[in-house]
Amino acid sequence: MSTVAETQDTDLEALESELLDAVKSASDLTTLEEVRVSALGKKGKISQLMKGLGKMDPEQRKTFGQAVNVVKQRVTEELNTRKDTLGNQALAARLAEEQEDITLPVRSGPLLEGRIHPISQVMEEISEIFADLGFSVAEGPDIENDFHNFTALNIPPEHPARQEHDTFYFNQKEGEESRYVLRTHTSPVQIRTMLSEEPPIRIIAPGRVYRSDSDQTHTPMFHQVEGLVIDKETHIGHLRWVLEEFCKAFFEVDNVKMRFRASHFPFTEPSMEADIGYAKVGDEIKIGEGDKWLEILGCGMVHPNVLRNVNLDPDVYQGFAFGVGIDRIAMLKYGMPDLRPFFGADIRWLKHYGFLPFDVPTIAGGLSS
Amino acid sequence: MKFTLSWLKEHLDTDAPLDKILDTLTVIGLEVEEVKNPAETLKDFIIAEVVSAEKHPDADKLKLCQVNTGKETLQVVCGAPNAREGIKVVFAPIGTYVPGIDFTLTKAKIRGVESNGMMCSERELELSDEHEGIIELDTKAKPGTSFVEDQDLNDPMIEIAITPNRPDCLGVRGIARDLAAAGLGKLKDDFTEAPKGDYPNPVKIALKFDKDNKHICPVFAGRYIKDVKNCESPDWMQQRLRAIGLRPINALVDVTNYISYDRGRPLHVYDADTLSGTLHARLGKQGENFEALDNEDYDVDETMCVIADEDSVLGLGGVIGGVSSSCTMETTNVLIESAWFDPISIAMAGRKTGINSDARFRFERGVDPQSVELGVDLATQFILEICGGEPSKKTIAGEVPADRDPIVFKTSEIKRLTGVSMKDKDIKKTLEKLGFKVDGKGEKVKVSIPSWRPDASQSADLVEEIIRIYGVDNVPITPLPKIDGIAKPTLTPLQKRARHTRRLLAGRGLTEAITWSFIPRELASMFGGGQDELELSNPISEEMSSMRPTLLPGLLTAAQRNANRGFSDTALFEMGQAYRGDQPEDQYLGAAGVRTGSAKLGGAGRHWDGSAPTVDLFDAKADALAILEALGQDPNKVQITRKVPDWFHPGRAGAIQLGPKIQLGVFGELHPSIVKELGLSGSVVAFEIYLDSLPTPKKKTTSKSALESTDFQTVKRDFAFILDSDTAAGDVVRAALGAEKKLITDVSVFDIYQGKGVEDGKKSLAIEVTLSPKDKTLTEKEIEAVAGKVIAQVKKATGGEIRS
């Protein structure tokens, strides 16, 4: 006959192996949890044994209690181990399920969709360069009167230069002396600025201009930037410096070759046109190299008659003015072969030649990226 | 202006090479546009003799010629009517490039017969437009010799652009003078021996003007030459005229054309036997007309100066002569006319008649008034040399306009305007080589202006003369002094706003377009424009006749063009001026955009992760309000009204107002009939913000207001209201926001529902209200109190009941 203690020991051993088997054979976390409850839950087999300890005498309680505790510990350990294993297996199974086709295309979002028109971009580049020299940006209306577009600029009625301008006219209005025009150049902004501001003046005036001319290389609307400096000492030497520095900065080259040719504009005297030296390598135009010349701007010292027309004394004040075709220098810099598509709003052209919205030209970051 | 190198050398004694001459011309303001040397283009052409010419066996108009080229006899098929035995011709062997037809000859079979080269017309050699037949050379020409050598064609033709201020360079002598001043040789002496006549001019000449228009033709000189024998002009003259693209006519006429180009002095010759009575220069009369030398009839009027005899108008003075009195080969008595006409009158007459003649071109720019007599004398001399005859005395009616006063020239002006220090003697030398006369010494000198320089009138003009001859490229480069310190901002607030707006819109996926400022009138009228004052009187085409009243029509037609190319989901914007009227203040700066198809903010088109729905008015509203917000205008402080222009859908568009008077912009769906009219289809939404109507922020400080944040828990509560279906959500939001201003920081609309459970004519609108307490956590009771206020305020404002 075995003793009570022996019986208890035998039962305990059987319980242990029963529980450990159950833990081992639990194939998922739910079954394992059931096993844990059946062993360690409130009514679990081990918990019951622990509860029964109170009824034992101290000696027996001590030895049997220790034995139960050992079993509890082993079962708990085994449960935890098994839980980890099953947990890992479950995660692995889930991950195996969660396979996405990572090659599916995504949307890039609006910031990479929109574009800035090259004309706007180039106007900002020009403003940046001249801001460094202290030139403010001035503006004026597209529909101008005869005074600002012609007369004040020393182009009196019947002056042959008026014919050269291919002017768009509006119909004569009653009570008006002359017809309104679409400005043929940005020079009227010179007049508006000199009438409203005191020298020293340093401005550029970019904007739309209009000539009644339409063929492969001319559009009836195009863009110019006017420059004007008025003070008491600025002369042709300064004009040359400003334009050469401008060309270097704009075309982002260390050196440019420029050729100044005498010319004629009614609103400057002396008047000049400037050519820039370039080479053609394949289809690409390289500024600052080669021996070909391309006309890019007109300039000169502001005509004394123009100064008089804006109430400035030509014996005291002097300065220079220049005008550059923005569309043309944009084409040169960025390699657009034709002018006409600039105004066609073809989305393919705009996306190809346009600039991203965060591509802001700065002196610090370089004008183009 | 065209001339040849040998012609230039008639006036300029120089050994400068051609390249140097060309470079100098360009730099001193006589820009070289083209140089063509026939000796190069025609170097392969040789002289040949037609040995025999028979009919082509299979073609009536072609001839089968045997041609002796000096080395061999070749068979050549030729279509020219004058191809015949015995003539000397210009022959292009196989392999020759023929410029007039832009073709390099190959051996060919023409109608089955082999042809080994080509006999050429003048047009094929680009010598003239003559193409009646092949060139017949002098019978003494030797087969095998080079055509260029035989004809002495080694004379480059130079074409230069003449700016309107330099009529003196519309004559070769003026060009030579400029080159001499620039150091390229010496201007040759002018001819001095004027022929004298020994009998009175039998043709009376008179000026018939009243006091007010005497200036139109102040002087008219003439000379009669009797018993001339008109003929072809000499080869050298014909060659020069041909080289510059003029067709020789007869010696009398060629002489005037030659002098026109040689001296910039237009002349006219009359067959004196056709004239009846006194020759007048006078204003035309209504109803008068004449047949001009271009074989067109022209009506004249009382603004034009005509030359007339007792019977009829003969020609338009300074513009064109007439057929009835023109010189022909039969002319035996000739009258030479040399007059001076007012540039403005000539320009007006030229524009009215549309005649572009060499004479008009010169007179409207200003011919040297002192060349009136010189013109007569030069012409007399040439005519006597070529045609013989006996000259009468010169007749001069009127007076040559007086010389202008000299310019008082402060020579320091050169340094002041160009930065170049120049010696007095160099200044004097340059000016005098150009024909100016310098009197006096020191700081101020008196400079007399040559009669051929109408453009020079003040100091700055003399500075230009000196600096262009000195060379602008030789002016020392001087840095423009920088303004002290770090560069200051150079944009106006509006310009800065425009930049922000542009990048904002591109950042919202819209692509910037630049469209024409002028649109078809019909289109302008559809968008509130098309007023008479915004209509061009001389548009390029009807498609470009009316100034755009808003930016939208250009963008919409651009969207339509893109849709036609297969891009129907496009988002475009434009910034620029649009025109409410012709005054500066009527021209506003707009920022407008158009979205079509499914061009949503998040992307367009079909996509595996959810295809983009079509755009609606709220896409346009979002773009419009984003601009306002980016420019510092709180979108909660503007009013959205239905005051929209009628090109928008009346129920799906809104206007953005800042008070009743200021409209900041519009947004919405385009009116279906406009969409249809413009050839668009599907959803089309648009917006436009009037950038210059936005008030400029007054704040000058860079400091931002203090951040108001709270550590106490924010609370969100949802409310659903039953409202009349036409109640504006904006009213509900505004009422809720106003219910407890200190606590309620945000109200958003998260659901709108109509249908089952909500009675007809009503809608349910759900809002989420955010409470942000600043000094303590709210108790449930306090939250309930605020909720009560929200419900009450919304009810008060809209009549809406809380949904139970």
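Here is a short chat about a predicted model with chains A and B.

Visitor: How many residues of chain A are in contact with chain B?
Guide: Let's start with the chain B side, which puts 96 residues into the contact. Across from them, the count for chain A is 101 residues.

Visitor: Which three residues of chain B supply more of its buried area against chain A than any other three?
Guide: Chain A and chain B bury about 8200 Å² between them, with 55% of that on carbon and sulfur atoms. Of the area chain B buries there, 11% comes from one trio. Those three are B:Leu480, B:Arg503 and B:Ile514.

Visitor: Which residue of chain A meets B:Arg503 in a salt bridge?
Guide: There are nine salt bridges between chain B and chain A. In one of them, the side chain of B:Arg503 is 3.2 Å, N to O, from its partner. That partner is A:Glu124.

Visitor: How many charged residues are on the side of chain B that touches chain A?
Guide: Polar contacts come up here too, with 51 residue pairs across the interface. Elements giving two or more residues to the chain B side include α14 (493–507) and β32 (571–579). By class, that side has 41 nonpolar and 31 polar residues, and the charged ones number 24.

Visitor: Which residue of chain B makes a polar contact with the side chain of A:His264?
Guide: A:His264 sits in strand β6 (residues 258–265) of chain A. It counts as buried because its relative accessibility is 14%, under the 20% cut-off. Beyond its sequence neighbours within four places, A:His264 is in contact with A:His159, A:Ser271, B:Thr163, B:Pro164 and B:Asn165. The side-chain to side-chain polar contact, at 3.3 Å, is with B:Asn165.

Visitor: Why is B:Cys305 not bonded to the closest cysteine sulfur, in B:Cys217?
Guide: A search of the whole structure turns up zero disulfides. B:Cys305 itself is buried, at 6% relative accessibility. A disulfide needs the sulfurs within 2.5 Å, so the B:Cys217 sulfur is too far for a bond, at 4.9 Å.

Visitor: And which cysteine has the sulfur nearest to that of B:Cys387?
Guide: B:Cys387 is buried as well, with 7% relative accessibility. It is in no disulfide, and the nearest cysteine sulfur is 4.4 Å away. That sulfur belongs to B:Cys231.

Visitor: Is A:Met56 buried or exposed?
Guide: A:Met56 lies in the loop between α3 (45–52) and α4 (58–97) of chain A. Its C-alpha is 30 Å from that of A:Glu33, 23 residues apart along the chain. With a relative accessible area of 14%, A:Met56 falls under the 20% cut-off, so it is buried.

Visitor: Where is A:Pro270, the proline after A:Glu269 in a cis peptide bond?
Guide: One cis bond runs from A:Pro199 to A:Pro200, with omega near 5 degrees, and A:Pro200 is in the loop between α8 (188–196) and β4 (201–210) of chain A. The bond from A:Glu269 to A:Pro270 is cis too, with omega near -5 degrees. A:Pro270 is placed in strand β7 (residues 268–281) of chain A.

Visitor: Is A:Asn311 buried or exposed?
Guide: A:Asn311 has a phi near 65 degrees, positive despite not being glycine. Its place is the loop between α10 (304–309) and β10 (318–325) of chain A. The relative accessible area is 67%, over the 50% cut-off, so A:Asn311 is exposed.

Methods. Residues are numbered from 1 along each chain as its sequence is written. Chains are lettered from A and ligands numbered from 1 in the order in which they are written. This is a predicted model: local features need pLDDT of at least 70, side-chain atom pairs count only at pLDDT 80 or more; totals for chains, interfaces and linings use all residues. Side-chain values use heavy atoms; hydrogens and water are left out. Contact means heavy atoms within 4.5 Å. Buried area is the accessible area (1.4 Å probe) that two parts lose on being put together, summed over both. A salt bridge is a side-chain nitrogen of Lys or Arg within 4 Å of a carboxyl oxygen of Asp or Glu. A polar contact is a pair of N or O atoms within 3.5 Å; within protein, one must be able to donate a hydrogen and the other to accept it, and residues adjacent in sequence count only if both atoms are side-chain atoms. Helices (H or I, at least four residues) and strands (E, at least two) are DSSP runs, numbered from the N terminus. Ala, Val, Leu, Ile, Met, Phe, Trp, Tyr, Cys and Pro count as nonpolar, Asp, Glu, Lys and Arg as charged, and the others, Gly among them, as polar. Buried means under 20% relative accessible area, exposed over 50%, partly exposed in between (1.4 Å probe, protein chains only).
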